[in-house]
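Hi,

Here is the structure we talked about. Please have a look, and then read my notes below.

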Amino acid sequence: LASEGSPRPAQYNAPLDVMTRYIHGERILSSIENLFPIHRSIAGPGTRKTIEYLQQICPKIHTLKYASGTQVGDWTIPQEWSVREAWIRTSRGDKIACLSWSNLHVISHSEPLDITVDLTGLRNYVHTLPSQPEAIPYLTSYYNSRSGFCIPHRVYEQLVEDDYRLYIDSKKYDGFLEIGEAYLPGEVMDEILLTSYICHPSMVNNELSGPTVLLEILRWLCVYGKRRYSYRILFLPETIGAIAYISDHLRHMQENIAAGYVLTCIGDERRYSYVNSRHGDSLSDRAARIVLRTINQNCYEYSWLDRGSDERQFCAPNVNLPIGSLMRTKYGEFPEYHTSLDDLDMVSVQSLDESFCFVRDTILSIEHNCIPHCTTIGEPQLGKRGLYPTLSTKSVHGQVHNLMTLVGYADGKMDLIAISSLVSQPVATMSRYARILERNGVIVARHQYKTA
Amino acid sequence: LASEGSPRPAQYNAPLDVMTRYIHGERILSSIENLFPIHRSIAGPGTRKTIEYLQQICPKIHTLKYASGTQVGDWTIPQEWSVREAWIRTSRGDKIACLSWSNLHVISHSEPLDITVDLTGLRNYVHTLPSQPEAIPYLTSYYNSRSGFCIPHRVYEQLVEDDYRLYIDSKKYDGFLEIGEAYLPGEVMDEILLTSYICHPSMVNNELSGPTVLLEILRWLCVYGKRRYSYRILFLPETIGAIAYISDHLRHMQENIAAGYVLTCIGDERRYSYVNSRHGDSLSDRAARIVLRTINQNCYEYSWLDRGSDERQFCAPNVNLPIGSLMRTKYGEFPEYHTSLDDLDMVSVQSLDESFCFVRDTILSIEHNCIPHCTTIGEPQLGKRGLYPTLSTKSVHGQVHNLMTLVGYADGKMDLIAISSLVSQPVATMSRYARILERNGVIVARHQYKTA
Amino acid sequence: LASEGSPRPAQYNAPLDVMTRYIHGERILSSIENLFPIHRSIAGPGTRKTIEYLQQICPKIHTLKYASGTQVGDWTIPQEWSVREAWIRTSRGDKIACLSWSNLHVISHSEPLDITVDLTGLRNYVHTLPSQPEAIPYLTSYYNSRSGFCIPHRVYEQLVEDDYRLYIDSKKYDGFLEIGEAYLPGEVMDEILLTSYICHPSMVNNELSGPTVLLEILRWLCVYGKRRYSYRILFLPETIGAIAYISDHLRHMQENIAAGYVLTCIGDERRYSYVNSRHGDSLSDRAARIVLRTINQNCYEYSWLDRGSDERQFCAPNVNLPIGSLMRTKYGEFPEYHTSLDDLDMVSVQSLDESFCFVRDTILSIEHNCIPHCTTIGEPQLGKRGLYPTLSTKSVHGQVHNLMTLVGYADGKMDLIAISSLVSQPVATMSRYARILERNGVIVARHQYKTA
């Protein structure tokens, strides 16, 4: 367990020994491959099947159900949607789009359709991305009655005058919006909330990387024996799922949640990034910031002004939870976003393993955080405890400098995240020093909880 | 009235329709032309005539009088000064300076004089600007007994040995320092103070642009039916006038004035600028700052350290009012300042119209300001109200982004000026969104007043 | 005395008249030359002799004694150490190191030694600095039993296989750690603490510049008749001396010390620098910062993160005193640091005189500090008091601008250090203006003390 608790400091892609190499990444990729074919939307059999898969891996996940028509906040739970068949055929019977080729071909929550139109008429039902002619765009129309197809612009440009048959065998019906939830109790009631979404069809970075990295984090948390915090993990349909959950649990969340993250677009290898919670100064923000600062790679930090996933709901004015978003490359910032190009090539065993470590280390920065208080008047004599050179040197660097920084700023006011920021060291590193100093009786480490 | 209330956003010189084109600028220029010949000083017939002109245009202006010798603050109201004739003549009778050519030729508040001196003696009475040889400098000696002339350095250099007669037919006598005041009640007692000065002789950017733009603002306020704030408008002699008014009304001012501006040097077309009130964080400062930020033109913001007009008095330590100065190019920052070159060529119908809009939009930023509070738990569903696209898109830009920013930051703590600053949009634009959202029942807008 | 109180503003090396030229620097250099040969360590005859020298110059210095074995904070007072003889000889009797050549040749607090070793054995006892082959490094082993020599790397490289006799005639014995203390009462109980250290052997910038500049400051303070603050001056062994003094006087120090400085490395001419106290916002920090800002020379400001001298102890978490370090070039930042190269060539009469002025002006910035409060409503009329031009000018610069800044910010909240910072003027300059304004009745200057 100790090795689980000590993150690879700073450099996430440092070589590990062969036995453990990318074990997390391999499991995550396997889940992505299994979940990729499922046709998810915000409510319907695809979402249900996805939750069932997650439950197979981790039985601690149970399902919450919200019946169609239920009022949640300012919103109404929609009907379930399913689609069996959808295609466009020319008069000679050649298909130019077909659900079985890609579930992006049909606009999510399309109404049933069976019409024959000429080329001009076809244009009213077909959407393309001229700037990415090879890509099928991903479109949804959850709350507005509409039918339509998405096809590559390259295909669209080659269409000739003809009679086209457009067929969508879909249905909407009263049912349930479903959320997968797991709760892991810790030493204290304070919760860390971790969420991701399960409402997009076959896309990888902006969909499956989120729930699969979260699933692996959940597995790791189950065996991480020293949990101080309790953990609440949610797999939910984006926006409406978050609003449904919030409207049902607001008071408990406001009283218990100490920190938390949305996991989204967390599979590619291009960068590490973070969207801050509303004010940018929450425990979540501070923990993510020190991790980004010690990764020494391409990192971006965004304001809540640039929000786009469920931190929109969790940080909304009357909700005010301390939730940010952990990401590799942010939605909207990579060209494959919301197209068929966001496929399995976006991720690798290595990039997924790094993403796991990024999330785990951020969580551990909170687990390891404490408020150290030096117990001596003046500096403690570290030399007699073997923690300081007994022969003088021209300057104090490295470990000893970090140790002295920790002692010097252990005033019972600054926490370990703040002290780590002073020297740009991972919290795990400074936590190791804090434990050494505590064992030597020269500091006392205290914790602060919301629910204490 | 609605169109009055909606400023031309961001680009003040955008084309308007022919009917309204520069109507404000035309009126302002006409006032400048009428007031230009009057020989003003801090007390005397010129100031009185100027106030009378302003009263002709707007009868709401009444006169306050402070008798010579009255103690105001640390100062004493001076005597009135008038001058009928002033000139320098060579022995052949050629004039080299004459009051009727320019009222800058005589130092303001000069004592009577009738002496004949040689070239060397002349130098004691004559002031020039060697760095601007064509210009007559503008000099005053309000509180020290002195007589003197100002002439172009070019003229001065050509003088030869001769007997020069210096003649000033002026007098000082007990009378009154006069201030023009107008008060327009609004929905609340909170006042916006607007002032300018009427104590300089024939100069345009640093004198007449101020009271004439303020006069046009006063006219506009009279017909702007939806005034929330009450307005107090003062036309006063600089420094001594402000001190006199403050010493008489300090308590009322401190209790009622929520914001306000000195208008000075507000006629030229070179830039827009602002001198902050003492601490740089008053409502006045914040409103002026967001306007400067959304003008998209050459803009300067100065600290109160760089003060020079009546914000000196209004923000002085024991006065502490939230008053800044709205300007185009700041006094001292343009070469024509305090010389005869500061004439009608400094301004145009267009530049004056823009100045009017600059002041009006700053005032409207305060009028439109409010504290929006979102009423929903989680985001409101804007799609069902026609305010959000029902078909998903790759990203959210422009109007929808600004609307979402308003909703997300409507926490009952940030005001509209602060939210507008987040997205660098005019307050008027964000106010339009706030009204839409309020009509749709998803936000409530509240106001905060000093006097409530 | 008045001239003592008025520092040379801004430019410390401005020419003075011949009579006073470098009088302080000359005295300081003389003390350095007298103290240089003494073999100091943290406890022993060298330190005692050093204190006795200081007492000869200033009889106000008395000695505090801490017996060996006494527990102070987390530390224990060590035994005294003395050494009579120490050398390394080849088999032919040639010395390659000898205490009489330089007292850096023996590691401070070395145990007695008399062994003969071959070249390989010698390496266990000899320390060099390969990167500075001409220099004898300076090493100490205060709290660990060890014997050893320091020699130039150049000498070490030329050693051949031989039998080397290593002889150290030293002894450790129960005795006292000694501190020189002087106390100068002022008008108020609030103390300014000034310290330096007396524990290094023959080195100049990092040792003797500190106590000798401090001695000259002490002499100056004795005759500076207008002391508002009381002064406590300490000459102590670094670290253990500070901890001993703190553990004995903590409560008094926390109640009385308003500001203070450690003087270290304050002899060379390369730059001026400062290590802030723990939070960087104490009176000490603010006074040092405005002096650095107005020196107009190569200046560095360090965070407490970069600490290394006794500000480590004085600002430690449970001590929390407002003490920073005044320096020329910081320890560790000049190549001669902690070697035999840190000799008399490091300093000059001029550089030492400048250092004296730097410390004196920093102290005077605190002595002169006050909270000015303007007494008028609106600006005072400075013209009638001869403090403002009676003939108007195009702009207000220099003295008048600084005077107006002082009046404008004299709100009873900002102190003179803060106001001086606004205009980047020495506090002494602004203090002169404050006294003029106070004499003219337009401001009142108040003081704030801890002990009042």
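Between chain B and chain A there are 4 salt bridges. One pairs A:Arg312 with B:Glu379, with the closest N and O atoms 2.5 Å apart. Please keep in mind that this is a predicted model.

Polar contacts join 15 residue pairs between chain B and chain A, counting pairs with both residues at pLDDT 80 or more. On the chain B side, three elements give two or more residues each: strand 17 (371–374), helix 11 (398–408) and helix 12 (416–423). Helix 11 of chain B gives the most, with 5 residues. By class, that side of chain B has 12 nonpolar, 11 polar and 5 charged residues.

Now the extent of the interface. In chain B, 28 residues are in contact with 33 residues of chain A. The area buried between the two chains is about 2,500 Å². Carbon and sulfur atoms give 48% of that area. Which residues of chain B lose the most area to chain A? They are B:Ile377, B:Glu379 and B:Lys394, together 30% of what that side buries. B:Glu379 is also the salt-bridge partner of A:Arg312.

Last, the symmetry. A turn of 120° and a shift of 0.0 Å along the axis lay chain C on chain A, with an RMSD of 0.1 Å. The two copies are therefore related as by a three-fold rotation axis. In chain C, the C-alpha nearest that axis belongs to C:Asp281, 13 Å from it.

Best wishes

Methods. Residues numbered from 1 in each chain as written. Chains lettered and ligands numbered in written order. Predicted model: local features only at pLDDT ≥ 70, side-chain atom pairs only at ≥ 80, totals over all residues. Heavy atoms only, no water. Least-squares fit on C-alpha atoms with pLDDT ≥ 70 in both. Contact = heavy atoms within 4.5 Å. Buried area = accessible area lost by both parts, 1.4 Å probe. Salt bridge = Lys/Arg side-chain N within 4 Å of Asp/Glu carboxyl O. Polar contact = N/O pair within 3.5 Å; in protein donor to acceptor, adjacent residues only side chain to side chain. Helix = DSSP H or I, 4+ residues; strand = E, 2+ residues; numbered from the N terminus. Nonpolar A, V, L, I, M, F, W, Y, C, P; charged D, E, K, R; others polar.
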